[in-house]
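Here are my notes on this model, set out point by point. Please read them with the structure open.

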Amino acid sequence: MSENTGVTMGTWKNLPVLNVKNESAEAVIALHGAHVLSYKPAGERDLLWLSEKSWAEADQPIRGGIPVCWPWFGSAGDPKHGVARLYNWTLKDAVCKPGSTKLIFEPFQWNDLTASVAVTVADKLVVELTTENRGKADFRLSEALHSYFAVSDISKIEISGLDRAEFIDTLNSTRHIQEGVIRIGAETDRIYDHTPAECVISDPAFAKKIHIRKDGSMSTVVWNPWIAKSKMMPDFGDDEYTGMVCVETTNAANDTRTLAPGKKHTLTTILFLA
Ligand code: BG6
């Protein structure tokens, strides 16, 4: 990639990354996992959070940014959250227009499935994950664009968009209905599995709100590890839980998709400040 495309090669820790810069935004995307590490609309703060303790190793996932969890979510298979976030992706093409840069990665073949990832860096960040079943049997797909957002103080933010949505509290496998906005004051790990809704993170210390719009998804995961779990994770600083929240665009729980032979499904997340 040359300077005049606005896409340059670089490194983050010891991993190769693509640095994207155009008149709308800048972003950093690691080839390890086709993983967006940073996204800053022009003149704005980074929407994404990245742990200072993150691994940067070929056989470990990156902690922060947008892990691509595929073709299963969580512990539905081994390794946890699938194989895509550990795969070394290759850039196929960069489509550059004024204020918009679309990175298209070479498809990743895993058994009978292929995953295709495209990342568009513009006044919005768009991540598209398309799965195609090239086999002869149905495949039960679960997945996530597991976005970690940077917040000023977890105890002062609100997440809206999920009022009256049903969720599974993953911490004790119970079902509930959301009442009003989400506020976080303890370990939180929830799957809202009947909702196409756009969510908004309101953070009073930051003038603008983070919007999380989606397509191909009827489920959203909200996660913050809080104190005890943070201490248990080697790749997560003990106090870092105060500055992040995950609001993940997923196909999880009741929103798992059965992909028939020859069929495709695209999961899209669209992030922007407004
Ligand atoms: C979330 C899950 O999506 O990812 C949590 O709901 C999990 O249960 C978190 O702890 C982080 O997973 P990992 O594998 O990246 O540590």
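## Notes on the predicted model

1. Asn111 is exposed, with a relative accessible area of 57%. The model is predicted, and Asn111 shows a backbone angle worth a look. Its phi is positive, about 50°, although Asn111 is not a glycine. Asn111 sits in the loop between strand 8 (108-110) and strand 9 (113-121).

2. Ser173 also belongs on the list of backbone angles to check. Phi of Ser173 is near 55°, a positive value in a residue other than glycine. Ser173 lies in the loop between strand 15 (166-169) and strand 16 (174-177). Its relative accessibility is 62%, over the 50% cut-off, so Ser173 counts as exposed. Most residues other than glycine have a negative phi, and most peptide bonds are trans.

3. Next, the peptide bonds. The bond joining Trp70 and Pro71 is cis, with omega about 0°. Pro71 is placed in the loop between strand 5 (68-69) and strand 6 (91-97). A cis peptide bond also joins Asp78 and Pro79, where omega is about 5°. Pro79 is likewise in the loop between strand 5 and strand 6.

4. What is the disulfide count of the structure? The structure holds zero disulfides. Cys69 is in no disulfide, and its nearest cysteine sulfur, that of Cys246, is 9.3 Å away. Why is there no bond from Cys246 to the closest cysteine sulfur, in Cys69? The two sulfurs are 9.3 Å apart, which is too far for a bond. A disulfide would need them within 2.5 Å. Cys69 is buried, with a relative accessible area of 0%. Cys246 is buried too, and its relative accessible area is 0%.

5. Is Asp235 buried or exposed? At 5% relative accessibility, under the 20% cut-off, Asp235 counts as buried. Asp235 lies in the loop between helix 1 (226-232) and strand 21 (244-251). Its side chain is joined to that of Arg63 by a polar contact of 3.1 Å. Neighbours within four places in sequence aside, Asp235 is in contact with Ser51, Lys53, Ser54, Trp55 and Arg63. Arg63 thus appears both in this contact list and as the polar partner of Asp235.

6. Asp255 is a second buried aspartate, at 5% relative accessibility. It is found in the loop between strand 21 and strand 22 (257-259). Which side chains make polar contacts with that of Asp255? One is the side chain of Ser219, at 2.8 Å. Another is the side chain of Arg257, at 2.7 Å.

7. Asp255 also meets residues further back along the chain. Leaving aside neighbours within four places in sequence, Asp255 is in contact with Asp193, Ser217, Met218, Ser219 and Thr250. Ser217 is 38 residues from Asp255 along the chain, yet their C-alpha atoms are separated by 7.4 Å.

8. Now the open space. The largest pocket holds about 590 Å³. Its lining counts 33 residues, with Phe73, Gly74, Ser75, Lys80 and His81 nearest its centre. Strand 11 (139-141), strand 17 (188-192) and strand 20 (219-224) are the elements that give two or more residues to this lining. Strand 11 supplies the largest share, three residues. By class, the lining of the largest pocket has 17 nonpolar, eight polar and eight charged residues.

9. Enclosed space comes next. How many cavities of 30 Å³ or more does the structure hold? There is one. The largest cavity has a volume of about 40 Å³. Its lining is made up of Ala197, Glu198, Cys199, Ile212, Lys214, Thr220, Val247, Glu248 and Thr249. By class, that lining has four nonpolar, two polar and three charged residues.

10. Which element gives the most to the lining of the largest cavity? Strand 21 does, with three residues. Strand 19 (210-215) and strand 21 each supply at least two residues of that lining. Strand 21 also borders two of the loops discussed above: the one with Asp235 and the one with Asp255.

Notes: Residues are numbered from 1 along each chain as its sequence is written. This is a predicted model: local features need pLDDT of at least 70, side-chain atom pairs count only at pLDDT 80 or more; totals for chains, interfaces and linings use all residues. Side-chain values use heavy atoms; hydrogens and water are left out. Helices (H or I, at least four residues) and strands (E, at least two) are DSSP runs, numbered from the N terminus. Buried means under 20% relative accessible area, exposed over 50%, partly exposed in between (1.4 Å probe, protein chains only). A polar contact is a pair of N or O atoms within 3.5 Å; within protein, one must be able to donate a hydrogen and the other to accept it, and residues adjacent in sequence count only if both atoms are side-chain atoms. Contact means heavy atoms within 4.5 Å. On a 1 Å grid over the protein atoms alone, a cavity is a set of points where a 1.4 Å probe fits but cannot get out, and a pocket is an open set with protein on both sides within 12 Å along at least five of seven lines; lining residues have an atom within 4 Å of a point. Grid points are joined across faces, edges and corners, and a volume is the space filled by probe spheres set on the points. Ala, Val, Leu, Ile, Met, Phe, Trp, Tyr, Cys and Pro count as nonpolar, Asp, Glu, Lys and Arg as charged, and the others, Gly among them, as polar.
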